[in-house]
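Visitor: I am new to this structure. Could you show it to me and explain the words as we go?

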Amino acid sequence: MVNLKKELQKCKHPNSRKTKALSKKARRQNNKHKQRLGHAIKSNILGEKLNWFRERIEGDRQTPLTPEEFEQLINLYLKRFDKELEQISLKQSISKSRNKQHCVRQDVIRTTIERESGEYRTGGIELLNLCDSVKFEALKDWDGSAINVQHFKIDLISQNLLRRMKKEPEENTVGESDNKTQN
């Protein structure tokens with residue numbers, strides 16, 4: 001980028017072909033940098049989310065989560081800001097003169113909660129399926145760095161998916177008992 005600036009300064013006319021080519025090259029480098037930065041931010045956010053789930057799973061657990069446990073863990077994840085919201089409302093109720101002091105943080109938390117709960121109820125949250133033994137082991141073996149997040153196969157986990165996963169074992173046990181009575 002420094003060399004491009006020097007070369008642009010050497011150009012005599014602003015509309016010359018060389019100036020246009022250099023400005024195009026500078027724009028392209030800038031766009032590449034923005035794109036890399038965007039991927040890094042996304043992997044950091046996903047890494048923080050996966051790290052939160054990894055911390056909440058018992059350390060000595062060897063079996064994957066059941067759909068019921070996974071649903072409870074997701075509900076706990078969606079309520080992770082409740083204490084902070086209570087603190088903000090308490091601070092606002094104490095001092096009337098500064099009741100707008102933490103409103104920006106409060107708005108950010110509320111929009112995050114609304115977005116994530118909406119995603120969970122409809123399309124799904126981007127997470128590892130912790131009911132799958134392979135993905136569960138991958139999360140347990142993960143070193144916690146955002147760089148290695150790209151190696152995970154991320155799924156969209158929704159309420160409907162977890163309901164279907166709950167029903168599948170029930171249907172399998174009913175089907176097995178019917179087969180035993182027929183024999």
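**A guided look**

Guide: Let us start with Lys42, which counts as exposed at 52% relative accessibility, since exposed means over 50% relative accessible area, buried under 20%, and partly exposed in between, with a 1.4 Å probe and protein chains only. This is a predicted model, in which local features need pLDDT of at least 70 and side-chain atom pairs count only at pLDDT 80 or more, while totals for chains, interfaces and linings use all residues. Residues are numbered from 1 along each chain as its sequence is written, and side-chain values use heavy atoms, leaving out hydrogens and water.

Visitor: Where is the place of Lys42?

Guide: Lys42 lies in helix α2. Helices here are DSSP runs of H or I with at least four residues, strands are runs of E with at least two, and both are numbered from the N terminus. Lys42 and Ala146 are 104 residues apart in sequence, and their C-alpha atoms are 9.3 Å apart in space.

Visitor: How many helices and strands does the protein have?

Guide: There are seven helices and two strands. From the N terminus on, the order is α-α-α-α-α-β-α-β-α. Of the 183 residues, 28% count as buried.

Visitor: What makes the span of α2 close to the expected one?

Guide: The expected span of a helix is 1.5 Å times one less than its number of residues. For α2, with 40 residues, that gives 58 Å, and the distance from its first C-alpha to its last is 59 Å. Helix α5 (residues 103-121) has 19 residues and should span 27 Å; its end C-alpha atoms are 27 Å apart, so the two values agree.

Visitor: Which residues of these helices are buried?

Guide: In α2 they include Leu22, Ala26, Leu46, Trp52 and Phe53. In α5, Ile109, Ile113 and Tyr120 are among them.

Visitor: Why is Arg36 called exposed?

Guide: Arg36 has a relative accessible area of 54%, which is over the 50% limit, so Arg36 is exposed. Arg36 is found in helix α2, residues 17-56. Arg54 has its place in α2 as well, but its relative accessible area is 27%, so Arg54 is partly exposed. The C-alpha atoms of Arg54 and Asp141 are separated by 9.8 Å, with their positions 87 residues apart along the chain.

Visitor: What makes Glu71 buried?

Guide: Its relative accessible area is 16%, which is under 20%, so Glu71 is buried. Glu71 is found in helix α3 (residues 67-78). Its C-alpha atom is 9.1 Å from that of Arg163, a residue 92 positions away in sequence.

Visitor: How do you know that Arg61 and Glu69 meet in a salt bridge?

Guide: A salt bridge is a side-chain nitrogen of Lys or Arg within 4 Å of a carboxyl oxygen of Asp or Glu. For Arg61 and Glu69 the N to O distance is 2.6 Å, so the pair qualifies. Side chains of opposite charge can pair when their charged atoms come close. Arg61 is buried at 14%, whereas Glu69 is partly exposed at 30%.

Visitor: How many salt bridges does the structure hold?

Guide: It holds seven. One of them joins Arg56 and Glu55 at 3.2 Å, N to O; Arg56 is partly exposed at 36% and Glu55 is exposed at 53%. In another, the closest N and O atoms of Lys135 and Asp155 are 2.5 Å apart. That pair links distant parts of the chain, 20 residues apart, with Lys135 in helix α6 (residues 133-141) and Asp155 in strand β2 (residues 155-157). Both Lys135 and Asp155 are buried.

Visitor: Which residues form the nonpolar patch on the surface?

Guide: Leu37, Ile41 and Ile45 form it, with about 280 Å² of accessible area together. Accessible areas come from the Shrake-Rupley method with a 1.4 Å probe, and for residues only the protein chains shown count as cover. Patches are made of residues with over 30% relative accessible area and no salt bridge, joining nonpolar side chains (Val, Leu, Ile, Met, Phe, Trp, Tyr) within 5 Å and like charges within 9 Å. The place of Ile45 is in helix α2.
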